[in-house]
Number of protein chains: 2
Amino acid sequence: MVATIHDVARVAGVGIGTVSRVINNNTSVKPGTRERVLAAINQLNYKPNPIARSMISKRTNSIGVIAPFFTRPFFMEVLQGVEVATASYGKELVLYNVRTDEQRDHCFSDLPMHRKVDGVLILSLSPDEAVAQNFRRVGLPVVLVDAYSPLLTSLVVNNKDGAYQAIQYLLRAGHQRIGFINGIIEGNFKFNQATDRLEGVRCALQEAGLSLSADLQEETAWSRLGGREAALRILTSAHRPSALFVASDIQAVGVLEAAKSLHIRVPEELAIIGFDGIEISELLGLTTMQQPMWQMGEQGIHKLIELIEDPLHAPELIWLNTTLIERATTSG
Amino acid sequence: MVATIHDVARVAGVGIGTVSRVINNNTSVKPGTRERVLAAINQLNYKPNPIARSMISKRTNSIGVIAPFFTRPFFMEVLQGVEVATASYGKELVLYNVRTDEQRDHCFSDLPMHRKVDGVLILSLSPDEAVAQNFRRVGLPVVLVDAYSPLLTSLVVNNKDGAYQAIQYLLRAGHQRIGFINGIIEGNFKFNQATDRLEGVRCALQEAGLSLSADLQEETAWSRLGGREAALRILTSAHRPSALFVASDIQAVGVLEAAKSLHIRVPEELAIIGFDGIEISELLGLTTMQQPMWQMGEQGIHKLIELIEDPLHAPELIWLNTTLIERATTSG
DNA sequence: TTGTACGCGTTATCAA
DNA sequence: TTGATAACGCGTACAA
């Protein structure tokens, strides 16, 4: 069997209170007895039972990450930052992947009840007001990354500005006919990636005296297939664009495939800009609007730890910016 | 505050024992009282405290995954299978990423002590005999995936055969001068990916009356850069090969880059076969020896659950096979 | 400075 | 069928 605090106390010839004090190097313990206790701990290879500990302390020393489809490249890259930061605090990482609304609601309602985790990082999922309220009510620290709630600390990327900059770049390169492939607009939250990117596109075009005509615009699944199909429609229309801005790199990969199958040369006949900056974009030489994914994860955890230390801290709204990475699918 | 079993008992006018019986629908409880208890549970929105539960039951309802650099594409794809299977059993997933030998040893020695997880899945890391012995001694269920120990249930891929098949394929396509870029051989375990793949290569060449000369062989980092540098050396040698077999897709991506920079046409002047079958290989049209990654994760969890149900079950050795996926970097 | 006793929220045992 | 009570392993007042 594995040693308990009682065994240590017995071997060291002290009370369990003293052992506990040594472990948590709390208040003063006479050097001599401390030595004896330490020796006993070593001899028995004693490790405090974390379960029993959290029973008292209400701390689990682990943090939870809720993400939809965390296996998508975007989340994976955020997760890297999350993992490194979490490990740096010596905390464990519990993954909650949600693939359905039901799983999401389950997470949102059950997790706060009994602390299996000390705090939660939520990726790309904006809880509604009731849920956010509940998090605050029970005092569970929560940080939103790539999502927004007025009641919770949120790290958001300036999607509108990112899209705006991408279009401006294309305009400056002389493009007049610019298409836009967006992802599906889900939910009706204030912070919505697709809506914001669309707004940025509209804004930039409008400033240039242009507008986004229906035949140059598609809203499709956030996937390679979605991107390919949308691109096939746009690129086979009567008067095809000379440039496409695509709301995600994954979709942009599909666009590249479509262009190839239609024998449209990139970037000579078609410039392409993606969004996200996932690893694949580099391999394919895709020009993209890069999100600071690693930083989103890392900073999210830092904020979460702050919140765990000080649960009453007021929610913050933190904006992060995107950066255009010029590669082979645009000609500068 | 959040309700406890005592609150429920009080509201329902019964003892806590009865409430516990209702929760675990154990033995007979009179329908009438069961109703009352259920009503109280509902009214108070009571959920049993998982921490207190595992205090008694010694079960945490969560499983741990130990992986080196889990953000590498290979692990990510295994992790997808792991995640789905874990969720299907209603268990939580705790991630232990190890980047250093120190972290690995820490995991191996601490995790077994006090069950923060009911079982552990270890990816691509072969614990030595003492560690494996210790896992068994304390009765912690462990499954190895892409790793091997005679003392632990192991799911291993037939690396030797995979490499053998790849070379055979190239030989059948008429290649006489075949190069091999391997990954670094780490550790000195019985199951070693790099060693086994090298052996498969040697075996196939030998059967064809050929051998692997030094100028056609490189051992380099499991990375894009490693692959690129190795390829540059091999492809600029006096008598360059007409085909390259590469021990991982990641490295093969580097090989593609090298070929491009040297203006060597693929597959006309150089055939390339990778290993792994990660998503990028599909995007780049890379012919590769596909590992059943998803299945490795999924089946690993199934085996682990079996072991958790029956901890004394003898260790099994399960072989998985690879499949050649023909794409654009070979010409059939 | 140190030991004892109590409580954390459950499950399990044992009378009743 | 049910209720009281003893664990589970630890932290911590409180008393010594």
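Domain bounds here come from an automatic or database domain assignment.

**View 1. The domains of chain A.** This is a predicted model, in which local features need pLDDT of at least 70, side-chain atom pairs count only at pLDDT 80 or more, and totals for chains, interfaces and linings use all residues. Residues are numbered from 1 along each chain as its sequence is written, while chains are lettered from A and ligands numbered from 1 in the order in which they are written. Chain A splits into domain 1 (5–57), domain 2 (62–157 + 293–320) and domain 3 (159–291). Between domain 1 and domain 2 of chain A, the C-alpha centres are 35 Å apart.

**View 2. Around DNA strand D.** Look for 26 residues surrounding this strand, with A:T4, A:I5, B:G15, B:G17 and B:S28 the closest; a residue is near a molecule or strand if its C-beta atom, placed from the backbone, lies within 6 Å of it. Helix 2 (16–23) and helix 4 (50–57) of chain A, plus helix 2 (16–23) and helix 4 (50–57) of chain B, give two or more residues each. Helices (H or I, at least four residues) and strands (E, at least two) are DSSP runs, numbered from the N terminus. Helix 4 of chain A gives the most, with five residues. By type, the surface has twelve nonpolar, twelve polar and two charged residues (Ala, Val, Leu, Ile, Met, Phe, Trp, Tyr, Cys and Pro count as nonpolar, Asp, Glu, Lys and Arg as charged, and the others, Gly among them, as polar).

**View 3. Around DNA strand C.** Here 26 residues surround the strand, and the closest are A:G15, A:G17, A:S28, A:K30 and B:I5. Helix 4 of chain B gives the most, with five residues. The surface near DNA strand C has twelve nonpolar, twelve polar and two charged residues.

**View 4. Where chains A and B touch.** Chain B puts 27 residues into the contact and chain A puts in 27 residues, where contact means C-beta atoms, placed from the backbone, within 7 Å. On the chain B side, helix 4, helix 5 (73–88), strand 2 (92–98) and helix 12 (279–284) give two or more residues. That side has 16 nonpolar, six polar and five charged residues. Strand 2 (residues 92–98) of chain A pairs antiparallel with strand 2 of chain B over three bridges; two strands pair if DSSP finds at least two bridges between them. Find A:L95 and you'll see B:L93 opposite, in strand 2 of chain B.

**View 5. Strands 6 and 7 of chain A.** Strand 6 (residues 178–183) runs parallel to strand 7, joined by four bridges. A:G183 has A:T220 of strand 7 as its bridge partner.

Definitions and conventions: Two residues are in contact if their C-beta atoms, placed from the backbone, lie within 7 Å.
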